[in-house]
2 protein chains.
Amino acid sequence: MKLKITLLFALIFSTVLLKAQDSLMLRKIYDEELVNGQCYSNLHYLCKNIGPRLSGSANAQKAVEWGKKLMESYGFDHVYLQEVMVPHWVRGAKEVGMIIDGKNKISVPIAALGMSVATPKEGITANIIEVRSLKELDTLGESVIKGKIVFFNRPFDPRFIETLRSYGTAGDQRNAGPAAAAKYGAVGVIVRSLTESLDNYPHTGATRYAQDGIKIPAAAISTKAADQLSIMLRRRKLPLIKFYFKQNCKMLPDTLSYNVVGELRGSENPNKFITVGGHLDSWDLAEGAHDDGTGVMGSVEAVRILKALGYRPKNTIRAVFFMNEENGDKGGIKYAELAAQNKEEHIAAIESDLGGFTPRGFGFTGLSVGQFKNVTAWKQLFEPYGSSRLVIGGGGSDIGPLKEKTPGIILIGFDPDSQRYFDVHHSANDVFENVNKRELELGTASIASLIYLIDQHGFN
Amino acid sequence: MKLKITLLFALIFSTVLLKAQDSLMLRKIYDEELVNGQCYSNLHYLCKNIGPRLSGSANAQKAVEWGKKLMESYGFDHVYLQEVMVPHWVRGAKEVGMIIDGKNKISVPIAALGMSVATPKEGITANIIEVRSLKELDTLGESVIKGKIVFFNRPFDPRFIETLRSYGTAGDQRNAGPAAAAKYGAVGVIVRSLTESLDNYPHTGATRYAQDGIKIPAAAISTKAADQLSIMLRRRKLPLIKFYFKQNCKMLPDTLSYNVVGELRGSENPNKFITVGGHLDSWDLAEGAHDDGTGVMGSVEAVRILKALGYRPKNTIRAVFFMNEENGDKGGIKYAELAAQNKEEHIAAIESDLGGFTPRGFGFTGLSVGQFKNVTAWKQLFEPYGSSRLVIGGGGSDIGPLKEKTPGIILIGFDPDSQRYFDVHHSANDVFENVNKRELELGTASIASLIYLIDQHGFN
């Protein structure tokens, strides 16, 4: 009995001690980042000295080379590139869009959707019809749609608290709308920009054609212009409102590109991995500051912090700059393939691809009930830093393929405050000036803290 | 026994039902605000059609009149003004500041601190000495300080997670620095702007002179210029760096102004009050968007939401636009005096004066242990909305005087995310464009929700 009590006390004591150590380590991580943080200035370089970096572009290659040098400059144990073939889509000359109301022509801001085909050189002019959903398109069918430009105009539902859900429920218009409209004989598609913000900027993003279907040109239109067009369509019956647009984008041959990988080698389990990453490629309309400059710069910074604090990880910690998340996911797929091929054991992967805003927490996929209980115990450690929302469900496009290729992995999505993300997402507004230094640093420190906790305690 | 069990079940059932009702009501509140919210457009009017509105100014009077009309337009049960005499300080012509390095004169952005006296017409030129604290000033004493300009240059400590604490610990330089320096014979004071942001904007704010002390002119300098000046002072020994500044501010006679009050009358306890408010006055350098346009527009909106939902409050709910928080607190003092004079029973007062950013929760002052436990039960209701950080400690300058005048009151501070507040605070950057619509709306809905919960359940 006495022994049992002694053991119990020893257990309680060691738990308390452990918690105190963790708490101390988190404080050190936040201090290092808030006092000596480098991710904000690194992001400045990426945005201003490199800039837009769509897969296959010269800037994407520059970003790869600079990213590798950056990791090397931090003295990581191993820094290398993973070859990956990526699609190479180019926008060409700026698009022209016009509402044609009889003799009146009103210029509107549009931008070709990523992967879209061009219009003929002279552009496309056709009657335009507004629909609010793919279902409505199906109801109207070929007899109504044929020969027209389809205008998808369902706005974000403002009632969702997290904007990612608004994006998710409106997103089928951009992702699948052009392919669906083509099926009914539409000649082009205009999609309301996927943002709740009422602004004058088209927000681009990839669309997916049916593999064996007809490809029709598709563009995003700014939300203000979408509202204007919608009002005109509702008011005017005859003559019908027409729309004109011209875009010059094209697909070039696939191009060799790279994921950039930097490791701190595990002192106990060098073949067990904790990955943290974001994507290095960005849309071409701006600097890819929040999408996903903050993700990649935060990932390398999280590892830098641990190294700067002299932390020797038990497992190998990897920062990964994935290539081609925006229009192909080829980097994420390649990373998972190589992981399987090299028989790596992956403990967890954290993806940061929702912007560099104040952290709220993390979402986990793959935890058992018992493991989630263990993770929940970390809430207390994150509470002083406002990053304690640890929930079931989360991940990201780049780490997703690891689920199948490295069974047993826990996928984790970093969840920053989501309110402002889609204001800038995929638009000309996604620039360095819209990133707040402290918000980025707090998020980065929270990611470094989670890596530390997983490395120390695992999930079991 | 059977009866007891029946009663127990009835109790559990009614608790569950109550919680479900509350949960439903919160959802309605958020939907009303996110779909039909008016505070963002009201804030636009306040910022763009009225603008800066320092106590005593013509714009402050305009804001009072418009604010009253706004409340009347919402059909509140009773809308009225409370007379209050306020100080009337004016900046006059824009300040001039220069670092004088031998023959080299470098212009730097400065702004007189609120309530400061002017320089002589020709300005002040004197040797300038940097100190980091009031303690350092005391150590140096009259022999070193006399005849000089004192430059307070202690930056924000970046390690605080909540920026309000950084502001709190750096704030003595602006609040008490000029009075302290005057005591040792300084001829002027330059204070590093109270922000962590490195920018070119002076951030003003009130200073307090000793009542019987000498008043010397004091100005804020931008953080970038403060860094520049500090580096010059450290590098150069002789000739000594001098500083020149000229400012034209003055105190005019106290002016009659007003708090604006709008009520929904309580159906059960008309003489019991729940107050929600912010301050209508703002500094003169910008539009007072976050400080405190979002606070006042959010307060009236919280009451509008409840009315729009047909909610009949048990207690009287009051939206208050306090006057003169920035340089005197006269509105808050008057409100408390009148509450005592009218023998009003005050249940709670909520102040929103930390900007219109994404809500994190509320801080409470005056709760007993048991009451705090009851409040903690509301966390669950706020969790889906990210506003569940309910903590001990909170309030604000405007509701503070109620503590003494209406014993038993619970003071509550609304806590939005704090990272960006001091980037704009008291500077030319505090404009409408820096407020995010959804962030403001979520905060406003969280305040309306808290009012509802207090009105329904009280704290006991």
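Trainee: How many residues does each chain give to the contact in this predicted model?

Mentor: Chain A gives 18 residues and chain B gives 18 residues. A pair counts here if the C-beta atoms lie within 7 Å.

Trainee: Which elements build the side of chain A that touches chain B?

Mentor: Helix H1 (2-36) and H15 of chain A each give two or more residues to that side. The largest share, 3 residues, comes from H1(A). By class, the side divides into 6 nonpolar, 4 polar and 8 charged residues.

Trainee: What makes the relation of chain A to chain B that of a two-fold axis?

Mentor: Start with the values: a rotation of 180° with 0.0 Å of shift along its axis superposes chain A on chain B, at an RMSD of 0.0 Å. That is why we speak of a two-fold axis. The same surface serves both copies, with 100% of the contact residues of chain A recurring in chain B.

Trainee: Good. Now, why is H9(A) called oblique to H15(A)?

Mentor: The axes of H9 (residues 289-308) and H15 (residues 437-457) of chain A come within 8 Å and cross at roughly 55°. Angles under 35 degrees count as roughly parallel, and 65 to 115 as roughly perpendicular. The crossing fits neither class, so H9(A) is oblique to H15(A). As for handedness, H9(A) passes H15(A) in a right-handed crossing.

Trainee: Which residues meet there?

Mentor: From H9(A), they include Gly298(A), Ala302(A) and Ile305(A); among those in H15(A) are Gly443(A), Ile447(A) and Tyr452(A). The contact of these helices has 8 nonpolar, 4 polar and 1 charged residues.

Note on methods: Residues numbered from 1 in each chain as written. Chains lettered and ligands numbered in written order. Predicted model: local features only at pLDDT ≥ 70, side-chain atom pairs only at ≥ 80, totals over all residues. Least-squares fit on C-alpha atoms with pLDDT ≥ 70 in both. Contact = placed C-beta atoms within 7 Å. Axes fitted to C-alpha atoms, helices over the stretch in contact; angles between N-to-C directions. Helix = DSSP H or I, 4+ residues; strand = E, 2+ residues; numbered from the N terminus. Parallel < 35°, antiparallel > 145°, perpendicular 65-115°, else oblique. Left-handed = near helix turned anticlockwise from the far one by under 90°. Nonpolar A, V, L, I, M, F, W, Y, C, P; charged D, E, K, R; others polar.
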